[in-house]
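Please look over the predicted complex shown here before reading the notes on it. The report is meant to be read beside the model.

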Amino acid sequence: MSSSHSDTIPVRVAAIESVTSQIKRFTLEPLRGELPAFSGGSHIIVVMRGQDRVYRNPYSLMSSPQELENYQISVLRCDPSRGGSAFMHEQVRVGTELEIAHPVNLFALAKLARKQLLLAGGIGITPFMAQLHDLRLTRVPYELHYATRSPQHGAYCESLARAEPERVHLYHDCDRHFIDIEGLLSRQPLGTHVYVCGPAGMISRVLDTARALGWPESHVHYEKFAAPPTGEAFDVYLQKSGISVHVPADRSLLEAIEEAGVDAPYLCRGGVCGFCRTDVVGLDGEILHNDHFLSAEEKASGKVIMPCVSRARCRKLALNL
Amino acid sequence: MLITGIRSKPVYAPLQPDLGGRYHVMVGHGVGAGPLARLIGDFRTQAPDALSRTRVWYVTDAAATQDDARSLQAGGVGELRTFDAVDPLLTDLSASLDQALMGTRLYVAGPESFMGLVMRIAHGFNLAQDEVRAEECGSLARRVHCIHCRDTMENVRTNVVECRSCHRWLIVRDHYSRRFAAYMGVMVDAEVPGERPEIKEVFV
């Protein structure tokens, strides 16, 4: 299982463009051959080897799934940054070589939908950029509603609106113009699927509104990559490996495990896919669950943890790794 | 056994209100009026407001009584549409679902062959499992699709049946196609012509 991420693909940065003051677009080309095929909504993990540590951040692919000569990602400079987005913005140049993991899609379009309704907030536009390429090849009706703080903060607003003015609807907070989530969700034809990617508050508003209006879970899709929160340092004992690992305040549990040389499973590194789910075999404090995958019961049980985003407040945490 | 233990066979359960839904569409055939009347009663107890957002499509058959249709009329739902044949009901239901909004739940009650036809329409509108509920009642007779000549027969009651088009003898499997809304019939004596199991009425 762990081999799924140990064979990374070496790429070179072919172009860097400033899209807004905070967002840069990176074009990544393979050192040899063609890049793997992917579907709209997929993300990759970019492995960045900094001076004293390795960053592995997930970014949605935004280029066309029909073009595999290169991949494009957009990176929002987070403030404060845990290091990854700052590394991409400051250290990476045209010609820099990086490694990426194979694309994984946790936000795929439903193939049998009668209508596709896409709701984007801010940098959450990126998975939709690739999905729009896929949707243009279908006959299924679709709409994109895209909210940004202002036109200056909105990546790709102009090109999207120019390409498909009848399907793309733009909203800017600065104009006090917001997506009417309730109005939109209350008048969609049977068989519509809704997709939301954006700030946590926007995602929960869409999920809550959809549920209140009777949308079944099978038709509601969201993607929320939580950056691993920092916190207090703690120690973890890896039972199968027989070693203790210190998790510093600014490292995630998964990162600390990887730095200790243990190959732990992961796919999304953002607390959504469930792939890194690990059994807890000892705990003398409390787990700080930050994922969106485990059920409330599982979180309360203290028997399982998602090391990519979750931490512990304890003297000793022991994992089955 | 050739015809059992196949997971595609649909699973049914007694109808219950899905109070997460905003609009409710109920479809019944013959004795299916019984479960629908019970469902409407459950709505009246649990969420009386929902009855005005509930519409019922019902087709009578020989087995149904006057009481069945009357029990639906007395239910106080937003609209009751009755038919005396299945095809016009299906056409009318399709036209209505084409205008329906997200938040709609579908409830179906009746013989399995009828429910299969309704489900096929529902799948065409991309309704998922969490939007559809079905309760089987009445005849277990099956729609059978001959995998050799692709004809479909109605009301098959026996484990082995002669295809009306290609005249092969078919064993009726539990292998169900939601797309065809039918069970698969596979030639039973292909290895040794004429060697067939005893014909029994099993779907009654």
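The paragraphs below take up one helix of chain A and then one sheet of chain B.

This is a predicted model, in which local features need pLDDT of at least 70 and side-chain atom pairs count only at pLDDT 80 or more, while totals for chains, interfaces and linings use all residues. Residues are numbered from 1 along each chain as its sequence is written, and chains are lettered from A and ligands numbered from 1 in the order in which they are written.

Helices (H or I, at least four residues) and strands (E, at least two) are DSSP runs, numbered from the N terminus. Helix H6 of chain A covers residues 200–212. Its buried residues are Met202(A), Val206(A) and Ala210(A), where buried means that 20 or more other C-beta atoms, placed from the backbone, lie within 10 Å of the residue's own, and exposed means 12 or fewer. These three cover an arc of only 60° around the axis, the arc being that of the directions from the helix axis to the C-beta atoms, which puts them on the same side of H6(A). The face turned away from that side carries the exposed residues Ala200(A), Gly201(A) and Asp208(A). After H6(A) comes Gly214(A), with a positive phi near 90°.

In chain B, five strands form an open sheet of mixed pairing, in the order S7-S6-S10-S9-S8, where two strands pair if DSSP finds at least two bridges between them. The two edge strands are tabulated here.

| Edge strand | Residues |
|---|---|
| S7(B) | 152–156 |
| S8(B) | 160–162 |

Each has a single partner strand, so one side of each is left without a neighbour in the sheet. Three bridges join S8(B) to the antiparallel strand S9(B), residues 169–177, and Glu162(B) stands opposite Trp169(B) there.

Note on methods. Expected span 1.5 Å × (residues − 1).
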